[in-house]
Amino acid sequence: MDVESGKPSRTSTIQPRGAVLRLAVPAGVLAAVAGAFAYVGSVDPYEPGHYPVCPLLRFTGLYCPGCGGLRSAHAFVHGDLTAALHANAPAVLAYLGFAVLWTVWVIRAARGRPVRIDLGPVHLWTLGTLVLVFTVVRNLPFGGWLLP
């Protein structure tokens, strides 16, 4: 409360409890992602029987854009960035992109600002095209270097 005017001051409107509540969802998301990475890091995807086989690979013999993602996450958790990139390079980019977006989310939530990700049609079509090109190239004879 401002003594002179009798109105609430800017500093009195900041509530620590509100900031903690705003950070609860990003903290929960981080806990879920960390738990998933901890599980994949402890249960080796190279040993058969722990994870289901990709249905597209099983029925068609084609690698989907996610094939190698578990091996990539396993190598990433163990600090082997080269193996992670070899298993699935777009997945590693997605891990790093998630880290950046999560950090922005936490900073904006702590400041009480909404997070807005405005991806227009051009961004979505570009992302879809990149994933499609990656998928097609990794299944062609000269794209063997992209196979998990």
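A residue is taken as buried when its relative accessible area is under 20%, as exposed when that area is over 50%, and as partly exposed in between. By this criterion, 20% of the 148 residues of the protein chain count as buried in the present model, which is a predicted one.

The secondary structure of the protein chain consists of 6 helices and 0 strands. Read along the sequence, the elements follow the pattern α-α-α-α-α-α.

Several buried positions were examined within these helices. In helix α1, which spans residues 16-22, G18 is found. The relative accessibility of G18 is 17%, and this residue therefore counts as buried, since the limit is set at under 20%. The C-alpha atom of G18 is separated by 8.9 Å from that of A110, although the two residues are 92 residues apart along the chain.

Helix α4 comprises residues 69-77 and includes S72. With a relative accessible area of 0%, S72 is buried. The side chain of S72 places a polar atom 3.1 Å from the backbone oxygen of A84, a separation that falls within the 3.5 Å limit applied to polar contacts.

A further buried residue, F134, is located in helix α6, an element that covers residues 121-138. The relative accessible area of F134 amounts to 12%, so this residue is classed as buried. Between the C-alpha atoms of F134 and P90 the separation is 8.5 Å, with the two positions 44 residues apart in chain numbering.

Attention then turns to the surface. A positive patch is formed by four arginines, namely R108, R111, R113 and R116. Of these residues, R108 belongs to helix α5, which runs over residues 81-110. R108 counts as partly exposed because its relative accessibility is 31%; the value thus satisfies the requirement of over 30% that applies to members of a patch.

A nonpolar surface patch of about 460 Å² is also present, made by L101, V115, I117, L119 and L124. Among its members, V115 is situated in the loop between α5 and α6. Its relative accessible area of 36% makes V115 partly exposed, and this value likewise lies over the 30% required for a patch.

In summary, the predicted model describes a chain with 6 helices and 0 strands. Buried positions include G18, S72 and F134, whereas R108 and V115 are partly exposed and contribute to the positive patch and the nonpolar patch, respectively.

Terms used:
Residues numbered from 1 in each chain as written. Predicted model: local features only at pLDDT ≥ 70, side-chain atom pairs only at ≥ 80, totals over all residues. Heavy atoms only, no water. Patch = residues over 30% accessible without salt bridge, like charges linked within 9 Å, V, L, I, M, F, W, Y side chains within 5 Å. Areas by Shrake-Rupley, 256 points an atom, 1.4 Å probe, with all protein chains shown as cover. Salt bridge = Lys/Arg side-chain N within 4 Å of Asp/Glu carboxyl O. Lys, Arg positive; Asp, Glu negative; His and termini not counted. Charge placed at Lys NZ, Arg CZ, Asp CG, Glu CD. Helix = DSSP H or I, 4+ residues; strand = E, 2+ residues; numbered from the N terminus. Buried < 20%, exposed > 50% of the residue type's maximum accessible area, 1.4 Å probe, protein only. Polar contact = N/O pair within 3.5 Å; in protein donor to acceptor, adjacent residues only side chain to side chain.
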